[in-house]
Amino acid sequence: MPALTFLGHAAFTVDLTRATLAIDPFLTGNPSAKLKPEGLRADYVLLTHGHPDHLGDGIEIAKRNKATIIAPFELATYCEGQGASIHPMHIGGAHDFPFGRVKLTIAVHGSGYPSEQGMLYMGNPCGFLIIADGKTVYHAGDTGIFYDMKLIGEMNRIDLALLPIGGNFTMDIDDAVKAAEFLKPGLAVPMHYNTFDIITTNPEDFVKKAEARGVRARVVEVGERFTV
Ligand code: NI
Ligand code: MN
């Protein structure tokens, strides 16, 4: 049974029978994070896109743990150039890893990394479907709502959907509730809110509105561990 820990913003660890995954481990400079990157142990680091609040400490964590970064090709290749081990993938593609299956989904967003040399190109952003230990977890990444979420829901029996709700850069609560209706997950958990003033919102409103539409939802506190 996968056990997840919410690390703040869009960052999670997923403990599986055969591996621990870290998704979008943005800890340094994340005002909502309680964990330091040195405290994170992972076998794989999954990165949805190149924005600093997702790439975060991913490269450093991957190198220290001798973990493999799973990311869209352009972002993965950048990480390899920084000395990390990678497994590049791309949208619509799936791969069977020793711990389970990962499939990359579309995400309607950007993926550039702002550097001193200007904006570095990191390809397209993605979401992740993780099928492992008999469960399916969908991490939407940063995205606006898109109608193909209905297709993702039709083609996968999603046990847990991690959905951004903070607005401005991603879906807001009302869009995320509609997304949850499309995806029909066993449980919807909000993310990507309240880290910065610009994405301030009340996650309990998401829970109320999702449950009113027949989707079970709950707020997970930073540092909380929960099972799927
Ligand atoms: Ni982003
Ligand atoms: Mn973001």
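Colleague: Which residue bridges the manganese ion (ligand 2) and the nickel ion (ligand 1)?

Modeller: That is Asp142, and the two ions lie 3.2 Å apart. Bear in mind that this is a predicted model.

Colleague: What makes Asp53, His54, Asp142 and His192 donors of the manganese ion (ligand 2)?

Modeller: Distance does. A donor is an N, O or S atom within 2.8 Å of the metal. Here the OD atoms of Asp53 and Asp142 and the NE2 atoms of His54 and His192 sit at 2.1 to 2.2 Å, so they meet that cut-off.

Colleague: What spacing do these donors follow along the chain?

Modeller: The pattern for the manganese ion (ligand 2) reads D-H-x87-D-x49-H. His54 belongs to helix α1 (residues 52–55), while His192 is in the loop between β14 (187–191) and α6 (203–212), so this pair ties together parts 138 residues apart in sequence.

Colleague: Are His54 and His192 buried or exposed?

Modeller: Both are buried, which means that each has under 20% relative accessible area.

Colleague: Happy with that! On to the largest pocket: how much space lies in it?

Modeller: About 250 Å³. Among the elements, β8 (100–106) and α4 (149–155) each give two or more residues to the lining, and β8 gives the most, with 4.

Colleague: How many residues of that lining are nonpolar, and how many are polar or charged?

Modeller: There are 7 nonpolar, 3 polar and 2 charged residues. The lining includes Leu104, Ile106, Leu151 and Met155, as well as Lys103 and Asp148. Gly92 lines the pocket too, and glycine counts as polar in this scheme.

Technical notes. Residues numbered from 1 in each chain as written. Chains lettered and ligands numbered in written order. Predicted model: local features only at pLDDT ≥ 70, side-chain atom pairs only at ≥ 80, totals over all residues. Heavy atoms only, no water. Buried < 20%, exposed > 50% of the residue type's maximum accessible area, 1.4 Å probe, protein only. 1 Å grid on protein atoms, 1.4 Å probe; cavity = no way out; pocket = protein on both sides within 12 Å on 5 of 7 lines; lining within 4 Å. Points joined across faces, edges and corners; volume = space filled by probe spheres on them.
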